[in-house]
Amino acid sequence: MLTLVLPRRLVSLEGAARRSASVAQRNIAALKTAYWLVMLGGLLEPVLYLFSIGVGVGALVGEITLPGGHTVGYPEFVAPAMLASSAMSGALAETTFNFFGKMKYMRLYEGMLATPVRPIEIALGELSWAMLRGSVYSAAFLVIMVLMDLTTPARALLAFPAAVLVGFAFGALGMTISTLIRGWQDFDMIGAGQFALFLFSGTFVPATTYPPVLRWLVEVTPLYRAVDLIRGISIGTLGPVQALDVLYLLAMTGAGLLIAGRRMERLLCR
């Protein structure tokens, strides 16, 4: 009996993966020249922060002592945070503003549901597409870090999948948020929340500099866990805490996809 059930499950999984990939392929086919200019702007933002704050202000700050006693230059401290922030921003841009427009105003997904594609497969396809954008940002920024001698090529190769994981986590979160918001006005709150994460996630100063209560709030935020993971890889201070970071981001990805898939099913199949 197992020999009959197992192939059906495999076929089902293969079919779901193929349908999810078709959603991502649709986005690639719809690309326009102006879109690449938008992507270029998304890459330039963290690079400008790196040069203005990491290098410029870093000349005044000097070195930073991490909680474990490891001392690094300020550009080395800031650069991994810019990489994590870039992965977050690229994923959220695709899975909030663009995703919301396709779902609520273009009614694109209602047409897709007339095919065998299911809501969870649409979510997976859109998340995969968001990660293509986020991966371009991450790879380009890592090249800049290596060229500036802010990390080694070997650590950059290890940091790339970590940045991809960060993008998956925030992409799943973005889709969940998009199924909950009511209109374009709510994007002001999303932007404010994203900017607050950018400023207060151990991005420019260690979390240990904050008062104890605020430090606890900072350390449970998703961007802090992302920054902590990539910083540990980039400067070579990997430890058990980074394993916790990975589990946190994996749980965030799974929960986000599950909620987004169920919410999409309620919104589109009613």
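Which ring does the charged end of Arg231 sit over? In this structure, which is a predicted model, the charged end of Arg231 is placed over the ring of Phe77, at 3.7 Å from the centre of that ring. This contact between a charge and a ring is a convenient place to begin, and the aromatic side chains can be followed from here.

The structure holds 7 aromatic pairs. One of them is formed by Phe100 and Phe187, whose rings meet edge-to-face, with 5.5 Å from centre to centre and 70° between the planes. The two partners come from distant parts of the chain, since Phe100 belongs to helix α3 (residues 74–105) and Phe187 to helix α7 (residues 187–199), with their positions 87 residues apart in the sequence. Phe100 counts as buried because its relative accessible area is 1%, and Phe187, at 14% relative accessibility, is buried as well. Elsewhere, Tyr49, Phe195, Phe198 and Phe204 come together as one aromatic cluster.

The next step is the interior. In soluble globular proteins, nonpolar side chains tend to be buried together. Here the largest nonpolar core has 40 residues, and within this core Met82 and Phe170 touch the most other members. Helices α2 (33–61), α3, α5 (119–147), α6 (153–178), α9 (222–235) and α10 (240–268) each supply at least two residues of the core, while the largest share, 12 residues, is contributed by α3.

Nonpolar side chains can also be found on the surface, where Val213, Leu214, Trp216, Leu217 and Val220 form a patch with about 500 Å² of accessible area together. Leu214, one of these residues, lies in helix α8 (residues 212–219), and this leucine counts as partly exposed because its relative accessibility is 36%, a value between the limits of 20% and 50% that set buried and exposed residues apart.

Charged residues add another layer to the picture. Side chains of opposite charge can pair when their charged atoms come close. How many salt bridges does the structure hold? There are 3 salt bridges, and one of them joins Arg215 to Glu219, with the closest N and O atoms 2.9 Å apart. Both of these residues lie in helix α8, where a separation of 4 residues amounts to about one turn of the helix. Arg215 is partly exposed, at 31% relative accessibility, and Glu219 is also partly exposed, with a relative accessible area of 21%.

Are Asp228 and Arg225, which meet in another salt bridge, buried or exposed? Both are buried, and their side chains meet at 3.7 Å, N to O. Because they are 3 residues apart in helix α9, about one helical turn separates them. Arg225 also forms a salt bridge with Asp245, at 2.7 Å from N to O. This second contact reaches from helix α9, which holds Arg225, to helix α10, which holds Asp245, and so it ties together parts that are 20 residues apart in sequence. The relative accessible area of Arg225 is 10%, and that of Asp245 is 0%, so Asp245 too counts as buried. Through shared partners, these salt bridges join Arg225, Asp228 and Asp245 into one network.

Helix α9 also contains Tyr224, which is buried at 12% relative accessibility. Tyr224 and Thr203 are 21 residues apart in sequence, and their C-alpha atoms are 7.7 Å apart in space.

Terms used. Residues numbered from 1 in each chain as written. Predicted model: local features only at pLDDT ≥ 70, side-chain atom pairs only at ≥ 80, totals over all residues. Heavy atoms only, no water. Phe/Tyr/Trp six-rings, centres within 6.5 Å; stacked < 30°, edge-to-face > 60°. Buried < 20%, exposed > 50% of the residue type's maximum accessible area, 1.4 Å probe, protein only. Lys NZ or Arg CZ within 6 Å of the ring centre and 35° of its normal. Patch = residues over 30% accessible without salt bridge, like charges linked within 9 Å, V, L, I, M, F, W, Y side chains within 5 Å. Areas by Shrake-Rupley, 256 points an atom, 1.4 Å probe, with all protein chains shown as cover. Salt bridge = Lys/Arg side-chain N within 4 Å of Asp/Glu carboxyl O. Core = buried A, V, L, I, M, F, W, Y, C linked by side-chain atoms within 4.5 Å.
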